[in-house]
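Subject: Handover of a structure, with notes

Dear colleague,

I am passing on the structure below, followed by notes on what was found in it. Please read the two side by side.

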Amino acid sequence: MKKIQLSLLPKLLSAIAAKKALYLPVDGKAGADYKRYEEGDTLSRACRTNRSAKDFFFPQVEDMAAFRVEGKKIEIIDTRKENEDFVIFGVRACDVRSFDILDRVFLADPVDTFYENRRQHATVVSLACDAPEETCFCRQFDILAEDPAGDVAAWIVGDEMYFKAKTEKGKKLLSSLDVLLADGDSAPVEKEKKHLEAIQHKLPISEFNKEHFKPEDLMEHFNDPAWAELSEACLGCGTCTFVCPTCQCFDIRDFKTNDGVLRYRCWDSCMYSDFTKMAAENPRHTQLERFRQRFMHKLVYYPANNDGIYGCVGCGRCLAKCPISMNIVKVVKKIGGKKA
Ligand code: SF4
Ligand code: SF4
């Protein structure tokens with residue numbers, strides 16, 4: 001365990017930024033968001049950023065290839081940019097878990113090398129939550145906000161910040177900062193963890209029964225009449241999917257340039273009426289079907305294919321941002337409620 005006085009945190013951030021690109025959440029007028037560190041930036045203490053940390057590995061838009069056309073000749077141009085090493089500092093436990101959920105999609109065969117490249121270059125410094133929002137419910141998915149994963153985990157205790165390396169990458173990062181860090185005793189961190197856990201149990205959405213979303217009950221959930229009522233007011237705006245750290249659907253499109261074609265991918269949303277539209281039309285005709293797909297994927301299909309891990313991390317972003325106040329908690333309560 002290592003530690004530093006909070007008053008020396010700016011020095012530590014500068015030291016990291018001198019070695020690698022550094023990103024951290026910074027407070028702005030509309031709340032906290034990640035940005036590349038510049039001298040003078042201070043770490044936000046907000047428990048949730050507006051945009052999730054998935055942007056670092058799965059950006060909203062990226063070029064994949066270009067094609068230059070000359071008569072009947074087509075040249076394929078590799079537009080890939082190799083990433084520099086970077087550090088994301090202050091990632092909360094829910095967003096760290098989202099990386100694991102995305103890994104199981106993008107690093108499964110066939111590996112998405114764009115995503116893989118960014119994962120390989122990143123070192124994640126997580127930060128325990130000391131002031132969760134009322135809409136947080138990560139504990140429901142066995143995520144410990146008081147003891148986050150990552151390459152290095154960090155805790156703010158009083159006027160000190162503690163660090164514990166959890167991977168080889170994390171050890172390397174901490175040893176490169178050795179001159180600024182002092183040895184720390186784990187006792188204050190263990191005490192703080194208990195305090196933070198107690199806060200988690202007091203959150204309003206601390207109890208709901210998701211255990212009913214079992215893969216073996218797939219058809220029962222799929223045919224539940226409650227989907228009609230739940231989806232009735234859904235606008236199909238896709239906000240819930242864009243703010244979600246675990247939503248990973250994308251579209252690939254070609255854009256005609258002066259001398260060829262640029263192929264790019266961009267986030268898509270299962271809530272949109274043209275999602276997965278094919279020559280023989282869209283397989284989901286109604287908003288009910290699209291709405292059901294989003295929640296069945298997170299609560300039934302994903303865990304069925306990924307060792308029981310749910311595709312939601314309880315970050316609460318969709319609770320905060322949906323214009324009709326619909327969210328995954330309401331779905332779980334309504335669909336699972338019959339058996340509760
Ligand atoms: S479904 Fe909602 S609460 Fe769950 S991870 Fe996505 S945005 Fe967060
Ligand atoms: S944010 Fe709300 S209204 Fe918009 S698509 Fe999602 S559930 Fe529907």
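The shell around ligand 2 divides into nine nonpolar residues, three polar and no charged, where Ala, Val, Leu, Ile, Met, Phe, Trp, Tyr, Cys and Pro count as nonpolar, Asp, Glu, Lys and Arg as charged, and the others, Gly among them, as polar. Its members are C234, L235, G236, C237, G238, T239, C240, M271, C322, P323, I324 and M326, a residue being near the ligand if its C-beta atom, placed from the backbone, lies within 6 Å of it.

Before the rest, please note that this is a predicted model, in which local features need pLDDT of at least 70 and side-chain atom pairs count only at pLDDT 80 or more, while totals for chains, interfaces and linings use all residues. Residues are numbered from 1 along each chain as its sequence is written, and chains are lettered from A and ligands numbered from 1 in the order in which they are written.

As to the whole, the protein has 11 helices and 12 strands, taken as DSSP runs (helices H or I, at least four residues; strands E, at least two) and numbered from the N terminus. With 340 residues, a compact globule would have a radius of gyration near 20 Å, and the 22 Å of the protein agrees with this; that radius is taken over C-alpha atoms, and the globule rule is 2.2 Å times the number of residues to the power 0.38. The C-alpha atoms fill a box of roughly 65 × 65 × 40 Å along the principal axes, and 33% of the 340 residues count as buried (20 or more other C-beta atoms within 10 Å of the residue's own, against 12 or fewer for exposed and partly exposed in between, with C-beta atoms placed from the backbone).

Turning to the strands, there is an open sheet of four in the order β5-β4-β12-β11, with antiparallel pairing, two strands being paired if DSSP finds at least two bridges between them. Strands β5 and β11 (250–256) stand at the edges with a single partner strand each, so one side of each is left without a neighbour in the sheet. From one strand to the next the twist averages 20°, with axes as lines fitted to C-alpha atoms (for helices over the stretch in contact) and angles running from 0 to 180 degrees between N-to-C directions.

Within this sheet, β4 (residues 61–70) and β12 (residues 260–267) pair over seven bridges, and A66 stands opposite L262 in β12. β11 and β12 also pair over seven bridges, with D254 opposite R263. β4 pairs with β5 (residues 73–77) over five bridges, E70 facing K73, and these two strands form a hairpin with two residues between them, where G71 in the turn has a positive phi of about 60°.

Among the helices, α5 (residues 186–201) has 16 residues and reaches 23 Å from its first C-alpha to its last, close to the 22 Å expected, that span being 1.5 Å times one less than the number of residues. Of those 16 residues the number buried is one, so α5 lies largely in the open.

Some backbone details in the loops may be worth a look. The peptide bond from D109 to P110 is cis, with omega near 0°, and P110 lies in the loop between α2 (93–106) and α3 (113–121). D142, although not a glycine, has a positive phi of about 60°; this residue is in the loop between β7 (122–127) and β8 (152–157) and is exposed, with 11 other C-beta atoms within 10 Å. E281, also not a glycine, has a positive phi of about 80°; E281 is placed in the loop between β12 and α9 (287–305) and is exposed, with 10 other C-beta atoms within 10 Å.

With best wishes
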